[in-house]
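Take a moment with the model below. We will walk through it step by step, from strands to helices to ligands.

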Amino acid sequence: MRALAKAQEWYGPHSSTAAEWPADALVPAKEGTTISVVLPARDEESTVGDIVAAIRRDLVERTPLVDEILVVDSNSTDATAERAREAGARVVAQAEVLPHLPPLTGKGEALWKGLAAATGDIIVYIDADLRSFGAHYVSGLVGPLLVNRDTHFVKATYERPYIGSDGVAQQGGGGRVTELVARPLLNMFWPELAGFAQPLGGEYAARREVLEQVPFVTEYGVEFGLLVDLLQLVGLDAMAQVDLGHRTHTHQSIPALGRMAGQIMLTAWSRLERQGRVLASEPPAHTLLQFGLEGDAGLVDVGVAERPPLASLVLEEDLA
Ligand SMILES: O=c1ccn([C@@H]2O[C@H](COP(=O)(O)OP(=O)(O)O[C@H]3O[C@H](CO)[C@@H](O)[C@H](O)[C@H]3O)[C@@H](O)[C@H]2O)c(=O)[nH]1
Ligand SMILES: O=C(O)[C@H](O)COP(=O)(O)O
């Protein structure tokens, strides 16, 4: 109960809206701090170009807030890399960053490789499948970091509709894994984080030095793992939330969300074990039996791997 009260106390002083952080007012606060926007992208040729072009136009050319736009091409089989490059991003292939390491897959891997390849002091992660992107997403997320040196991590919140195949938007219907899995788990085990309304959202910003000190779970466990690990590393008062308005993106199918849910549950389990809060007599299974519409069934692996804190790797390589 005390932790939940802490979340409630945190909410007011650590919440703001994007309108409070106009890009041009933030430029003087940079004082030499460099900002990289990193977009993980797997087969996002239809959206990535517009997002990159908007950042370039509004936050590089019109207002000099962003120093680098980096797209991590996550094994795309479409024209994602070309579209991103044409729009003005630097593009790196996920497998070609730190190529001496055995490659892993998934979104978390793309984010970790993006951190390794980007140069900025502040890293802003933005999903490349957004259909509602505006430059205020980036300025809103960096605002609290530029203005308050004690803030280390800023997470977005927004209204998330579900847009059906008929194009009709159902208000508040999006974020199904968020509502059915992630938020219940956080409220049960890390109630201090209950004030983060969109814990799974792909838009957040942080100082490089803190991101380099935490592990990155591969696949879709990455956002859940980062929230829990950063809470432990920097504490709730160094974390903030900014309302970016609304967010629409490409929805995944229910079976795909089932796999995402499994990855998030395994991430939560790994953190409970690491924090000494559960003692397992055997590890949880990481396979999921899923059924198709034709009654067909198949096993899928929802196990997640983990990259170590980037700083530990750099240190190891320096010592070698
Ligand atoms: O192997 C992958 C999978 C995804 N992505 C990219 O990551 C972003 C988000 O992925 P998406 O498949 O669209 O995820 P969502 O269904 O939108 O899942 C939500 O919930 C996930 C779990 O927390 C978060 O990782 C997502 O950012 C969040 O939008 C997109 O730009 C993808 O192209 C990769 O780069 N590599
Ligand atoms: O964040 C989530 O819960 C997942 O991305 C699913 O989102 P959706 O229900 O809007 O597709």
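**A walk through the model**

Start with a pair of strands: strand 1, residues 15-17, runs parallel to strand 11, residues 239-246, and 3 bridges join the two. To find the spot, look for S15, which stands opposite Q241 of strand 11. Keep in mind that this is a predicted model.

Strand 11 has another partner. Strand 6, residues 153-159, also pairs with strand 11 in the parallel sense, here over 6 bridges. In this pairing V154 stands opposite A240.

Now stay on strand 6. Which strand does strand 6 pair with in the antiparallel sense? The partner is strand 9, residues 204-207, and the pairing has 3 bridges. V154 turns up again here, with A205 as its bridge partner in strand 9. So V154 has a bridge partner in strand 11, namely A240, and a partner in strand 9, namely A205.

These pairings belong to a wider picture. In total, 8 strands form an open sheet. Read across the sheet, the order is 1-11-6-9-5-2-3-4. The pairing is mixed. Which strands lie at the edges? They are strand 1 and strand 4, residues 90-93, and each of them pairs on one side only. The sheet also has a twist to its layout: with direction ignored, neighbouring strands are turned by 25° against each other on average. One general point helps when you look at any such sheet. In a regular strand, side chains alternate between the two faces of the sheet.

Next, the helices. Helix 2, residues 23-30, meets helix 6, residues 136-147. Their axes come within 10 Å and cross at roughly 35°. Is the crossing left-handed or right-handed? It is left-handed. On the helix 2 side, the contact is made by A23, L26, A29 and K30. Helix 6 brings S139, V142, G143, L146 and V147. Sorted by class, this contact has 6 nonpolar, 2 polar and 1 charged residues.

Then come the ligands. Ligand 1 has 21 residues around it, and P40, S74, A128, L200 and G202 come nearest. Three elements give two or more residues each to this shell: strand 2 (35-41), helix 5 (107-117) and helix 9 (222-234). How does the shell divide by class? There are 8 nonpolar, 7 polar and 6 charged residues.

Ligand 2 has its own surroundings. Among the residues around ligand 2 are R160, Y162, G174, G175, H251, Q252 and L257. L200 is there too, and L200 was also named for ligand 1. Helix 7, residues 176-189, gives the largest share of the shell, 3 residues. By class, the shell around ligand 2 has 4 nonpolar, 5 polar and 2 charged residues.

Finally, step back to the whole chain. The chain has 11 helices and 14 strands. Along its principal axes, the C-alpha trace spans about 55 × 55 × 45 Å. How does the radius of gyration fit a compact globule? With 320 residues, such a globule would have a radius of gyration near 20 Å. The chain has 19 Å, so the value agrees with a compact globule.

How values were computed:
Residues numbered from 1 in each chain as written. Chains lettered and ligands numbered in written order. Predicted model: local features only at pLDDT ≥ 70, side-chain atom pairs only at ≥ 80, totals over all residues. Axes fitted to C-alpha atoms, helices over the stretch in contact; angles between N-to-C directions. Helix = DSSP H or I, 4+ residues; strand = E, 2+ residues; numbered from the N terminus. Left-handed = near helix turned anticlockwise from the far one by under 90°. Contact = placed C-beta atoms within 7 Å. Nonpolar A, V, L, I, M, F, W, Y, C, P; charged D, E, K, R; others polar. Pairing = 2+ DSSP bridges. Near = placed C-beta within 6 Å. Rg over C-alpha atoms; globule rule 2.2 N^0.38 Å.
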